[in-house]
Amino acid sequence: MLPAHDRILRQLLEQRVPYRLIHRDLAPQTRQLWLTTVAFHTGRGQWTLAVIRLGDTIDLDRLARVVGVRPADLSPASADDARWALGCDPEGLAPIAPVVRARVIFDEAVTQIDIAWCGSGRDDRMLEIRVRDLLDLTGGRVVQLVKA
């Protein structure tokens, strides 16, 4: 079985999604263009990947309503979950689920970004990718997720 990072890159290639892979240390310092992915287990055996801008804070009550569970049923992924269930390095969690099926939910502020930098499945590599392509590839839903 291919490592998660390689599976993500394979998905991008198969879908002909343009991207650039860069070392995290070489990523632009414009951190408002960085996306972070937070994984949640919902208690129903389902994974949800919440994609927000780096520095924003997820409104957990709102996320719970969006995915149809109680806030108490949202469990953030542990480092072991990220590695074993999602197949990613914890610091390199990508908005593309390489191992399990996961629903992907983007905060609406993310859609204001044209090209963003996000996790690639490895903690030392980032993807430079168009947000529109991420939305199309993942089938992600766009909602207001962050605290105002």
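**Entry 1: Asp107 and its strand**

I looked up aspartate 107 in this predicted model and found that its bridge partner in β8 is valine 143. I then checked the two strands: β5, residues 102–107, pairs with β8 in the parallel sense, over three bridges.

I noted which helix packs there as well. Helix α4, residues 131–138, packs on the sheet and touches β2, β5 and β8. Its direction makes about 150° with that of β5.

**Entry 2: The sheet**

I traced the strand order and got β4-β2-β3-β5-β8, an open sheet of five strands with mixed pairing. Which strands stand at the edges? They are β4 (75–76) and β8 (141–143); each has a single partner strand, so one side of each is left without a neighbour in the sheet.

I looked for what lies across the strands and found helix α2, residues 60–67. Helix α2 crosses β2 (35–41), β3 (47–53), β5 and β8, and runs at about 135° to β5.

**Entry 3: Thr48**

I picked threonine 48, which is found in strand β3. Is threonine 48 buried or exposed? Its relative accessible area is 0%, and buried means under 20%, so I entered threonine 48 as buried.

I listed its contacts, leaving out residues up to four places away in sequence: Val38, Ala39, Phe40, Thr42, Leu63, Val67, Arg103 and Ile105. With arginine 103 I also found a polar contact between the side chains, at 2.8 Å.

**Entry 4: Back to α4**

I asked which residues of α4 are buried. They are Val131, Asp133, Leu134 and Leu135. I followed these buried residues outward and found them packing against β2, β5 and β8, and also against β6 (115–119) and β7 (125–130).

In general, residues three or four places apart in an α-helix point the same way, because there are 3.6 residues a turn.

I also checked what comes after the helix. Glycine 139 follows α4, and its phi is positive, near 70°.

**Entry 5: The largest pocket**

I looked up the largest pocket and noted about 330 Å³ of space in it. Its lining has 20 residues; Thr36, Thr37, Pro90, Glu91 and Leu93 lie nearest the centre.

I sorted the lining by element. β2, α3 (79–84) and β6 are the elements that give two or more residues. Which element gives the most to the lining? That is β2, with five residues.

Note on methods:
Residues are numbered from 1 along each chain as its sequence is written. This is a predicted model: local features need pLDDT of at least 70, side-chain atom pairs count only at pLDDT 80 or more; totals for chains, interfaces and linings use all residues. Side-chain values use heavy atoms; hydrogens and water are left out. Two strands pair if DSSP finds at least two bridges between them. Helices (H or I, at least four residues) and strands (E, at least two) are DSSP runs, numbered from the N terminus. Contact means heavy atoms within 4.5 Å. Axes are lines fitted to C-alpha atoms, for helices over the stretch in contact, and angles run from 0 to 180 degrees between N-to-C directions. Buried means under 20% relative accessible area, exposed over 50%, partly exposed in between (1.4 Å probe, protein chains only). A polar contact is a pair of N or O atoms within 3.5 Å; within protein, one must be able to donate a hydrogen and the other to accept it, and residues adjacent in sequence count only if both atoms are side-chain atoms. On a 1 Å grid over the protein atoms alone, a cavity is a set of points where a 1.4 Å probe fits but cannot get out, and a pocket is an open set with protein on both sides within 12 Å along at least five of seven lines; lining residues have an atom within 4 Å of a point. Grid points are joined across faces, edges and corners, and a volume is the space filled by probe spheres set on the points.
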